[in-house]
Amino acid sequence: MTGTEPIPDNATQALVTESAPVRIRKMTLVVTKGADAGKRVALTKKRFVIGKGASCDLRFLDATVSRQHLEIEASEEACFVRDLGSTNGTQINGTRIMEAFLAPGDRVQAGNIELMLQPVYETPEERSLGALEQFGTLIAASPSMKSILGMLRKAAQSGTTVLLRGETGVGKSALAKALHTEGPRREGPFVVFDCASVAPTLVESELFGVKKGAFTGAYESRAGACELAGGGTLFVDEICDLPIELQAKLLRVLEDKEVQRLGDTKPRKLDIHVIAATRINLEEAVREGRFRRDLYYRIAVLEVMVPPLRNRKEDLPLLCNHFLKETRGDNAWSRFTPALRDELLAYSWPGNIRELRNVLERLECIGPDGVLTPQMREERPDEGLAFSFEMDRPFKEAKEELIDAFEREYLAKLLERSKGRIAPAAREAGLNRKYFYDLLRKHGLLGR
């Protein structure tokens, strides 16, 4: 795979399709650890006290829980947790706090008791259809995405260079495609160049082209992604992985509107619109010397932060309808059971839209009689990773052995999730692809 791929018109992936938005109806506390594990209690009062005292709203007869351990102030907009001077303290996601905001999916620990805050959402049938924002094939209900789509609609017409930033799987490629199809260059090619999926030794020739005889194996002259995108749009995905020695050459392409093939002395004129995407904060990369400041300023004329799926749950019904349209019709979400909807909406989706799509495909296959019945649960960091070490070994040896065991199991699970595709696995791990290859080679995982 070269990473230089023109995308056909029928390959456009919609982020969302039509459906009614959702919002939080109420908050529920789920006991996830302790004698009452599995118990669910709705936060029906504005001030909700937890402890072992008889007057508490949620009572635990546990020696590690104080008489009045903590309180939660709940509303539709937010929840606030406050420790009430407990003996063993209150923790949120492993961090001890005195008072803090509590987000859906957060875990609160009081002594040996652990609780998770789980929202219950209104279904489309419980509220009228809200205003949706549309941009090309993309439609959004969440305020953050509606704002982004409106902004990108204007950028598409002006031809502004756009930098899309966000976690892996949030839909940056779909947004880039929409920018192309809604702009004046829609009749031209849309060429994707994924910096993370091209071998470092081939990036220059694949991106800028090569002249015959420029190096051993260059048997013919060949246009690169820049030339192939002539008259259209070049989407440089994961530009953060572009080798720093080639960043200056890309900057010259953007500034001078011309490209020089590897081994050639004659520049070629270009007419392209450039869109870039990154999973990391390029400003930090600039400060650390990993990315050129001048290139960052050139590509970030309009920088758009694409929010993760966990922060825009209103779009979840729309996404489910899109991915299940062929098998379940235009409004699959409305035919889900209320329990299923609540469970999907309460999950934090660390893999974002890509994970949602995979989960829906998997559940379509394994659900009884084609009914989706997932048991979505947050994965704990220590689940499935069981390591042991010998106390009679020197510290350094025991530590190195433990790290090796972790590396091998982590990489093996990552490859299994990516179905053996190394570039996406390296991207998900946040590792340089060359270093990722070195780790696979070290643990004998190449070719698996």
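The exercises below concern one predicted model and come with worked solutions.

Local features need pLDDT of at least 70 and side-chain atom pairs count only at pLDDT 80 or more, while totals for chains, interfaces and linings use all residues. Residues are numbered from 1 along each chain as its sequence is written, and side-chain values use heavy atoms, without hydrogens and water.

**Exercise 1.** Find the place of Asp241 and state its exposure class.

Solution. Step 1: Asp241 lies in the loop between β17 (233–237) and α5 (244–256). Helices (H or I, at least four residues) and strands (E, at least two) are DSSP runs, numbered from the N terminus. Step 2: buried means under 20% relative accessible area, exposed over 50%, and partly exposed in between (1.4 Å probe, protein chains only). Step 3: Asp241 has 23% relative accessibility, so Asp241 counts as partly exposed.

**Exercise 2.** Which residues does Asp241 contact, leaving aside its neighbours within four places in sequence?

Solution. Step 1: contact means heavy atoms within 4.5 Å. Step 2: Asp241 is then in contact with Cys195, Ala196 and Arg279.

**Exercise 3.** Give the strand order of the open sheet of 5 strands and name its edge strands.

Solution. Step 1: two strands pair if DSSP finds at least two bridges between them. Step 2: the order is β5-β4-β6-β7-β10, with mixed pairing. Step 3: β5 (58–59) and β10 (99–102) each pair on one side only, which makes them the edge strands. Step 4: inside the sheet, β6 (residues 70–74) and β7 (residues 79–83) run antiparallel and are joined by 5 bridges. Ala74 has Cys79 in β7 as its bridge partner.
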